[in-house]
Amino acid sequence: MILLQASDWAAFIGRFHPVLVHLPIGFLILAGLLEIGRLTNKIEVKESTITFVLFWSAIGATVSCLAGYLLSLGGGYEVELLDEHKWQGIWVAVAAWVAWMAKSELLVNKIPFSSLLYLPALTVGAVLTMVAGHHGGSLTHGEGYLTQETPEPFRGWLGMEPKAEKGSDEIKPITDVNNAMVFQEVVNPILKARCVQCHNANKSKGDLRMDQIELLKKGGENGPIFVAGQGSESELIKRCLLPLEDENHMPPKGKTQLSDNQIAILSWWIDQGAPFDKKVAELKTTDAIKPALASLSGSSPSVGSSQLTTTAKESPVLSLKVPTPDAKAVEALKKAGLLVMPIANESNLLEINSVNISTLTDTQVALLEPLKEQIIWLKLGDTKISDQAATTIAKLKNLQKLHLENTAVTDATIRQIKALPYLEYLNLVNTQVTDAGIKELASSKSLMSLHVWQSKVTEGGVAALKQAKPNLEVTIGINEQQIAEFIKAGETAPKPEEGKKK
């Protein structure tokens, strides 16, 4: 029968197992309680009532067994535990049918000694229901799910290990991010906190296990989940960026989701070749990934200067009241591969980040325009955009932070964006901007932090701009002392010689 084989229909019906299984659980327990109440003269209940409850518990147990079998065809479960759960469910159904037949007036007179089977069958059914439920919880949520929160002193009496401290599974801050092993201390804690619960030795959804390096490399039923050097093309990243309502989105809706910083870190790790034996300092970092790495140490996720971090809270743009972002516009950006996130809970102000789409073009930047009031932080560094994108960027009237590092923008872009009323931070590292371009910024009333190292800007151009705007912080290069400060803060700033290799 096709239905009993792996198919779309089997998967569809199988998904109802968690719903259907509650029917026999409830009815068997109810029948047991009614029988106890009747035998102890606590309640008056007709035999036909208990028989009716037992009949539907048997029906429910049988249908649940069928749905459970269909669900198991999809794979992804620990085989031995699944087999135990399956047979426990079958015996629950058998016990329910035996209890019903032993109680039913239609059969009790036709089957000798059937009444003697009633109480044992009811007891076995009730006990197996609880045991099967325990194993079902372990299959779905991991081994020992129902007993994980057992309090003391019961843990000691039962010989269980002491309970782990609350929050021990959360990602802990890293004291020295720069010298941290990138997989063991940065990537793996993210996977353990957000992915391993469903991809482990006891439960491997999609035949994928992420609790061991070799199995992580192997991937699941659809092949490897990451392609070294190609973060945006890796399933691990694609699944995280799907709409939350999409059935392929990971982690599933209802589970704790990865933050945008965590997604950015995973994508960066894959882009760097997915190494398992290197430190953060050994990998190439860009301004786009620095805030995510800095957040691992518990420091501010802001990119750029510390001066920006201290002034961000005072910025008038953060108190603006803007309309709710258009859902279709947000969805269009996400489909293009951009990260879209509110800057704070229950805020309509947005940050847009291109960390996962290095192929972003001027045409795609045009998708930002419907959100011109809501976007205040925009990170387009390391993409394919040019001066044409400035036409759209100049319309983002509430923009406060703008990242254009490692792009093809020139002085033409500066001329278009210089009038943005709230622009405080501008990153033009490794662009074609010149002294003439930054001279245009002298008219900006809000600009506080400008980064132009590895560009065409000279010290003379910076000096002229500083004369017009003495309070403006301008970074034109970096020395060994600054490098040490960046490392101490958990960031890795590129050395000049590294920039020449780009």
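## Exercises on helix H15 and an aromatic cluster

Asp326 caps the N-terminal end of H15, with one of its side-chain oxygens 3.2 Å from the backbone nitrogen of Lys328; such a polar contact is a pair of N or O atoms within 3.5 Å, where within protein one must be able to donate a hydrogen and the other to accept it, and residues adjacent in sequence count only if both atoms are side-chain atoms. The model is predicted, so that local features need pLDDT of at least 70 and side-chain atom pairs count only at pLDDT 80 or more, while totals for chains, interfaces and linings use all residues. Residues are numbered from 1 along each chain as its sequence is written, and side-chain values use heavy atoms, with hydrogens and water left out.

**Exercise 1.** Determine which residues of H15 are buried, where they lie around the axis, and what they pack against.

*Solution.* Step one is to delimit the helix, which spans residues 327–335; helices (H or I, at least four residues) and strands (E, at least two) are DSSP runs, numbered from the N terminus. Step two is to list its buried residues, namely Ala329, Val330 and Leu333, where buried means under 20% relative accessible area, exposed over 50% and partly exposed in between (1.4 Å probe, protein chains only). Step three is to place them: they cover an arc of only 100° around the axis, and therefore lie on the same side of H15, the arc being that of the directions from the helix axis to the C-beta atoms. Step four turns to the face directed away from this buried side, which carries the exposed residues Ala327, Lys328 and Lys335. Finally, the buried residues pack against strand E1 (339–342) and strand E2 (350–353), contact meaning heavy atoms within 4.5 Å.

**Exercise 2.** Classify the pair formed by the rings of Phe55 and Trp97, and then the pair of Phe55 and Trp100.

*Solution.* Rings of Phe, Tyr and Trp (its six-membered ring) pair if their centres lie within 6.5 Å, and planes under 30 degrees apart count as stacked, over 60 as edge-to-face and the rest as tilted. The structure holds nine aromatic pairs. For Phe55 and Trp97, the centres are 6.1 Å apart and the planes stand at 85°, so this pair is edge-to-face. The pair links distant parts of the chain, since Phe55 belongs to helix H4 (residues 47–72) and Trp97 to helix H5 (residues 79–103), 42 residues apart. Phe55 is partly exposed at 27% relative accessibility, and Trp97 is partly exposed at 26%. Phe55 and Trp100 form a tilted pair, at 5.4 Å centre to centre with 55° between the planes. Trp100 is buried, with a relative accessible area of 16%.
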